[in-house]
Structure formats: C-alpha cells, structure tokens
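Grab a pen and work through these exercises with the model open beside you. Try each task before you read its solution.

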Amino acid sequence: MRKIQMVDLASQYQKIKTEIDEAVLNVVSSTAYINGPEVQAFATELQDYLNVKHVIPCANGTDALQVAMMALELKPGDEVITTTFTFIATAEVIALLGLTPVLVDVLPDTMNIDPNKLKAAITPKTKAIVPVHLFGQCADMEEILKIAEEHKLYVIEDTCQALGAEYKFSDGTVKKAGTMGNAGAVSFFPSKNLGCYGDGGAIFTNDDELAARLKVVVNHGMTVRYIHDYVGVNSRLDSIQAAILRIKLRRLDEYNKARKIAAEKYNKAFAKCDKLVTPYISPNSTHIFHQYTLITKDIDRDALLKYINEKGIPAAIYYPIPLHHQKAYLDERYKTGMFPVSEELCKTVISLPMHTELDDEQIEFITNSVLEFIEK
C-alpha cells in the first residue's frame, strides 16, 4: 500500500507532470513573472468556470478577504459577523483592519453559520456578513442574502474551502460558491481542491464598480501609474502559479468528483457505526469535500486520533479551538457556553485523509483502523 497522505500532492503532480513542467518553463522563458499573460488567462478561465463577471487574482486567500473588505470601504468600528468555528483568517482580517468581529454559532449538521444566530447578532453598527462555506459545502445563502438585503449589509463569501460547490435556490437557480454575495474570496493554497504550488488567491464579484476598486486595491491603490487614490496593498498572483492553476482548473470538476467518490466510500464503511456521524449534505448545496469530517459520539476523539496517527494515518482536527477561545480574540462579550454547538464540535470532530488520489486499499485501511479502535 502506498503511504497515506492527508493530501497527496506528489501523486497528483505525477499525473500532470509533463503539462506542469512545460507551463512553468514557458513562464520562465517569457520572463513575464508578474501580471503576465498567464495571470490574465487564468482570471478569464476562472470567470467562465464560475459564470461570474470578474475574477481579481491576488497573493493568497487571506488577502482576498482583506482586499474585499478594503474595497467595500468598511471603516474601523464597523461590525462584521462571521462564525466562531472556522480557520483564523476569517476573523484575522476583520481585526487587522480595525473592524469589529462579531462571532456567532454554527448549525450542528452542516457546521456552517446559523442564520438565526446571525440575525440576532445584527446591530446598527453591523455592515457586513462573512459566511464560511466550511469543509466544502455552501452555507444557507438564500436565507443569508435575505437577511443582508433586509438590513442593507454586504456579504463576503469565504469560499476558501468550497471552490466549485453549487448552491440551489428555492426558485431553481443554481450558482457557484463565491458568486452569490457582493464578493467571494478563495485560496489556492496547495492543499485546496484547486491548489497551486505556493500561495495564491482571488476575489470574485459581479459588481463592475466593486471590481474596479478591487483591481486598484490589490495594486498599491494605484488608479494610474504612481497615482494613488486609495490605500492599497501589494497582493499579486505570480505568473508561474497562474500557469499551474490553468492546468488544474481544467480538471477541477474531475478532482471534485474524485473527492465525492472517496467520501461515499467512507460513508458506506461507517454507515452502521453509531459512534460516528458522517458528513451531512445540505439539500441546497453540493459538497466538494475539502475535508471529510466526522463527528464522534461517546468515544475519546483524541485517543482515536492518536491511535490512527500511530498506524500511519495522518488525520487531523479542524478545528480544536473556536475563535472566541483563541487568546488573540478573547472578548468580554463572549463567555464559554455561549456557542454550544461550536464548542462541542471542537471536542468531537476529526478529519480523515481526503484528496484526489485516495485508492480503495487506502480507504479500506483507514476505515478499518477507525472501526478497530471503536470496537476494541
């Protein structure tokens, strides 16, 4: 059996090695390293894939969130609502800009932001909502957009874990994750379903005026060379990464399908185990399984993690600590017990290896090892 990886980038690379190597060497030969033709071509191709008017590439997913907030001209003191059960970057950029992060709990099934808790957290200072499409499926965007419209709030979708997922509205309309709010932000970190070989990110929008500002903000706030009308940042996707992403974008649906098949095999193996809750899939959203995350019941989750890690299975905990318990984000507004779903999830979730190269032998070994621990 091949060594099990949490994300097997090496095996994936071998399948596309010739194309990748050629694309990288072409960029090196062209010397168009920054904002070259590959970057522009990738942006256009991603626009077509997402059916969105504008894609603005940037340096990473964290920058994508920050740039979106800057371009929307949020001001220090403005409140931005997001979930406490997410990667730190979601709240990090809010705090970094002097905005006020307002944290709310998640739903126990999808683990995405709870619209009822979101609505209850709105105050006169609230200016934006950042729903996180966690682990690969969309938050309840129809309800979130309804709340945002009612209260005149911006919606910035954190799409860093769900590129390619689709959301179906009650009228039958289907839209890709990241294309429903005012802006969407994505990361191309290597472990993502569309990952480059370094850092990378992008912002999406259908708003022409916002797109124009986003393009200015990512380039030092320059409207014309050496003329700076906005405070900006230096956040660029380099041409080598864009060239790699162009090749992998052509296979994104294939990659997402492979993840779904692996998840179905996991689900089948765990179907009769009452100690594990397999991932819930919303009827309104497809799931691209950035992570395959189980909820454990009445077992020692940390002992399970140790057991399978010792057998060479690199499982992980996403996330062990909710944001309101993180030292950097401690806030007297938030007490232990105020976010019971998130706090319980942090004690009970475990994510198993998930990537495009998982084979049946590996999945069988992983599932047998998990069940072996539970049944012993």
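Contact here means heavy atoms within 4.5 Å. You are looking at a predicted model, where local features need pLDDT of at least 70, side-chain atom pairs count only at pLDDT 80 or more, and totals for chains, interfaces and linings use all residues. Residues are numbered from 1 along each chain as its sequence is written, and side-chain values use heavy atoms, with hydrogens and water left out.

**Exercise 1. Place Cys58 and list what Cys58 is in contact with.**

Step 1: find the element. Helices (H or I, at least four residues) and strands (E, at least two) are DSSP runs, numbered from the N terminus. Cys58 sits in strand S1, residues 54–58.

Step 2: check the cover. Buried means under 20% relative accessible area, exposed over 50%, and partly exposed in between, using a 1.4 Å probe and protein chains only. Cys58 has a relative accessible area of 0%, so Cys58 is buried.

Step 3: list the partners. Skipping neighbours within four places in sequence, Cys58 is in contact with Asp63, Ala64, Gly200, Gly201, Ala202, Ile203, Val218, Ser235, Arg236 and Leu237.

Step 4: try a distance. From C-alpha to C-alpha, Cys58 and Val224 are 19 Å apart in space, with their positions 166 residues apart in sequence.

**Exercise 2. Do the same for Val55: is Val55 buried or exposed, and which residues does Val55 touch?**

Step 1: Val55 is in strand S1.

Step 2: the relative accessibility of Val55 is 4%, so Val55 counts as buried.

Step 3: leave out residues up to four places away in sequence, and Val55 touches Ala43, Leu46, Gln47, Leu50, Ala202, Ile203 and Phe204.

Step 4: for a distance, take Gln40, which is 15 residues from Val55 in sequence and 9.5 Å away in space, C-alpha to C-alpha.

**Exercise 3. Work out why helix H3 is described as largely enclosed.**

Step 1: H3 covers residues 61–71, and 10 of its 11 residues are buried, so the helix is largely enclosed by the rest of the structure.

Step 2: name the buried ones. They are Gly61, Asp63, Ala64, Leu65, Gln66, Val67, Ala68, Met69, Met70 and Ala71.

Step 3: ask what does the covering. The cover includes S1, helix H4 (89–96), strand S5 (154–158), strand S8 (183–187), strand S9 (201–205) and helix H7 (208–217).

**Exercise 4. Describe the largest nonpolar core and say which element gives the most to it.**

Step 1: get the term straight. A nonpolar core is a set of buried Ala, Val, Leu, Ile, Met, Phe, Trp, Tyr and Cys residues joined through side-chain atoms within 4.5 Å.

Step 2: the largest core has 38 residues, and Phe85, Tyr266, Phe270, Tyr292, Ile308 and Leu352 touch the most other members.

Step 3: the elements that give two or more residues to this core are helix H9 (252–270), strand S13 (292–296), helix H10 (301–310), helix H11 (340–348), strand S14 (349–352) and helix H12 (360–375). H12 gives the most, with 6 residues.

Step 4: zoom in on Phe270. Leaving aside neighbours within four places in sequence, Phe270 is in contact with Leu276, Thr278, Tyr292, Leu294, Leu352, Thr367, Val370 and Leu371. There is also a second, separate core of 29 residues, and Ile122, Met141, Val155 and Met180 are among them.

Step 5: finish with H11. Its buried residues are Ser342, Glu343, Leu345, Cys346 and Thr348, and their cover includes S13, H10 and S14.

**Exercise 5. Look up the backbone at Asn35, Tyr226 and Tyr319.**

Step 1: Asn35 is in the loop between helix H1 (9–30) and helix H2 (37–50). Its phi is near 55°, a positive value in a residue other than glycine. With a relative accessible area of 41%, Asn35 is partly exposed.

Step 2: Tyr226 is in the loop between strand S10 (222–224) and strand S11 (227–228). Phi is near 70° for Tyr226, again positive in a residue other than glycine. Tyr226 is exposed, with a relative accessible area of 60%.

Step 3: the peptide bond from Tyr318 to Tyr319 is cis, with omega near 15°. Tyr319 belongs to the loop between H10 and H11.
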